[in-house]
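Reader: Hello! I am new to this structure, so please pick one small part, look at it closely, and then show me how the rest is built around it.

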Amino acid sequence: MDTVEEETTGVGKQHHKNRAKKRKRGKKFLHNAKGFGRIGSFGRGEDMDRKEYNYLLSILDAMGKTGDTEERQLMANNVLAQLEGKEIRTSSNQLGSRVLENLLTYTDEETFARLMDTLAEHFRVVCCDSFASHVLQRVLYVAMLRTVAPLQEQQQEEGDGKSAEKKQKLTAGGDERGPKDIWPSFTYSLQEPYSEEHRRACGAFVERLAKFLVNNLEEFVWNCTANYVVRQCMLHLSGIAEMKVALVGGGVGPRDSGGDKETMKRLVVPESWSKLLHSFNLHLLEWPQFADLPFGNLTSIVLQTLLQAIANSNDQFQLEQLCSKLHSECFLANLAEANNDESDESGKETPAVGKQDEGMKLPQLFHCDGAVRLLEVCLSVASAEFLREKLFGELFRDRLKALALSRASNFAVQKLIDHTTDKDTMETIFAELEGSFESILRRGHSGVVLALANACVRLSCQQGKFVKQLLDALHCGDAVSEKLLTPVLYLLPANVTPATTPKIHIHGSLILQAILEFNKPIKFVTALLEMDAERLAEILRDQRGSFIANAFVRSRFVGEKSREKMVRHLEGQYGQLAQTSHGSRVVELFYEAGNPAQRENIVSELSECSAQLSGKPWGFILNKRLLIDTYKRDPARWKVAIKSDAKVERMFDKIVGGKKRKAQA
């Protein structure tokens, strides 16, 4: 499901909330480990005596209280020295694995080199161990970062004016910690100075592990723990520094209807690593059982990861080679077999869609979750020509309605729409789905409708037809004002009365935002302006509804007069809006959109409830930006101060290239 962000930042969505949850999980692990120790259970995995277990517990406890880098380095080197000769046994224990994962990032060159050599002697055992494999993954991750760090510095120097932006991208989210992390790894490993000899040793370790995995690929892709190591190695060879290689529903990363999110950190890597990635690709392509790989969860996700890695390495030949073989030997072969099964004795094919369940008679390809997820990744990385002629033309065409109604395959339809760059293809897709909006929404597959809305914006086509189809599906074609907007926001037909008060649907909000980006959004602009001000303020205070204000203010096709009318329409509601975090952001947006007189009216209204705002963090920010307290004391002084702040802000933006916040769908 899509989410929205208040700002375009280097960290992910809900970053601070998720970080708090992860810290809580870390504390819970420590608490549980202490409890198990008291009853004589010393962690899962390799046996450990009470003395060793208590020692590691004390280290894990101390790690959570240590913030200084030098202290972390000292602790890491001391603990690894104590565990010398016992690294494999310790890493094979649940508690020992957790401690080593976090410590090894901060080890010095000698200690880390010794750990790499130890693991290299036991690759097979470590790869297949459910706890030691996590330590191996972290060593691989840190070794990769230490190897490629100088290449990132060279890239920044070559970029000249763009170096600051690249540096920001490089370090953005670098200290974000996974659920097992106590100390950050990414930024530290890239910034710490290491000798050239040590960096070469780290690079040699990465290459040695990659070659070992290629040679044992037939065995390791079927092993759940070794499978993770294989996938992470592929990503690292292509420059994707990603530790969260999760197996979710047989696929890589989240499914979303708003297009692929650029959440992975991408780094420059040595050219020799591209050859190693090519070895993985060749090895898989030569398998006699290649046609069966997409239909197993573990093997499918290896192929998905390989596609992402090759796409990131910009090797179009390899990418085309892999996509073509998947299409011809896996997707089309399975499709043809299924079509033969559907034929009756007279040679005529039975309909692909039945009356009872329009998704049941789809070809078997679309009923296998692993194959569908692999197809989604193909759609995301394939060239425009391959997508149009092969994937759409031979797999999706004449099946789009059934696929959009299928629970398993509607995400593939969304991916197809999101990555279609050709107007003619888009018009063909729209023609097939035309008249099906109501059925699609009734199934709960609103992401398909959202993908169509975004495509209409992106390609500037079918916008009028989209609005008509949507309003007909929601039975509100002739409605105005609130009766027009409410069905769209809730994605509920106007003639349906829900048992409980519905919440704004995330896709409904995003669809409305997309419509406001259409060339002629006048019907919805008028409806917003005619809506009761209190009801509109209630919508804009909502987390999902608040981003409608972004689209209204920033759309190229919403006129300046309409914006000023909206600012005027909400007068008397700004105090209520400012009481919530999302509403306060809306206040700022409309403050920026208003003329000088309207801005003063907004601040005047806010000054009347400044006492209530002062106790809230967003109220403090609003006061600081709009100088509400200054206005309350002296309006004339406020006019001078606000003009001065505006001049300083413009000068600062010219220097650093400041950008306004954007809503991310």
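Author: Ser-460 has a relative accessible area of 40%, so it is partly exposed. That term covers the range between buried, under 20% relative accessible area, and exposed, over 50%, computed with a 1.4 Å probe and with protein chains only. Before we go on, please note that this is a predicted model, in which local features need pLDDT of at least 70, side-chain atom pairs count only at pLDDT 80 or more, and totals for chains, interfaces and linings use all residues. Residues are numbered from 1 along each chain as its sequence is written, and side-chain values use heavy atoms, with hydrogens and water left out.

Back to our serine. Ser-460 sits in the loop between helix 23 (446-459) and helix 24 (463-473). Helices here are DSSP runs of H or I with at least four residues, strands are runs of E with at least two, and both are numbered from the N terminus. Although Ser-460 is not a glycine, its phi is positive, about 50°. Asp-398 is another non-glycine residue with a positive phi, about 70°. You will find Asp-398 in the loop between helix 18 (384-396) and helix 19 (400-405), where its relative accessible area of 67% makes it exposed.

Now let us step into helix 24. Within this helix, Lys-468 and Asp-472 are four residues apart, which puts about one helical turn between them. Their side chains meet in a salt bridge at 2.9 Å, N to O; the term means a side-chain nitrogen of Lys or Arg within 4 Å of a carboxyl oxygen of Asp or Glu. Lys-468 counts as exposed at 52% relative accessibility, while Asp-472 is partly exposed at 37%.

Helix 22 (residues 437-442) holds a pair with the spacing of about one turn too: Arg-442 and Glu-438 lie four residues apart there. The side chains of these two form a salt bridge of 3.4 Å, N to O. Arg-442 is exposed at 61% relative accessibility, and Glu-438 is partly exposed at 30%.

A further salt bridge, 3.2 Å from N to O, joins the side chains of Arg-535 and Glu-482. Arg-535 belongs to helix 28 and Glu-482 to helix 25, so this pair ties together parts that are 53 residues apart in sequence. Arg-535 is buried, with a relative accessible area of 14%, whereas Glu-482 is partly exposed at 31%. Elsewhere, Glu-84, Glu-87 and Arg-114 are linked in a network of salt bridges. The structure holds 13 salt bridges.

Helix 24 also has a part in the packing around helix 27 (residues 522-530), whose buried residues are Phe-524, Val-525, Ala-527, Leu-528 and Leu-529. These residues pack against helix 24, helix 25 (481-490), helix 26 (506-516), helix 28 (533-541), helix 29 (547-554) and helix 30 (560-569). Contact here means heavy atoms within 4.5 Å.

One residue of helix 24 brings us to the interior. The largest nonpolar core has 192 residues, and Phe-280, Phe-396, Phe-466 and Phe-590 touch the most other members. Such a core is a set of buried Ala, Val, Leu, Ile, Met, Phe, Trp, Tyr and Cys residues joined through side-chain atoms within 4.5 Å. Helix 8 (residues 132-159) gives the largest share of this core, twelve residues.

Phe-280 leads us on to helix 13. Leaving aside neighbours within four places in sequence, Phe-280 is in contact with residues including Val-230, Cys-233, Met-234 and Leu-237, all four of which are among the buried residues of helix 13. Twelve of the 14 residues of helix 13 are buried, so this helix is largely enclosed by the rest of the structure.

For a contrast with our first loop, try Thr-107, in the loop between helix 5 (94-103) and helix 6 (109-120). Thr-107 is buried, with a relative accessible area of 3%.

Finally, here is the whole chain. Its secondary structure comes to 37 helices and two strands. Of its 665 residues, 50% count as buried. Among contacts between residues at least 6 apart in sequence, 73% join residues at least 24 apart.
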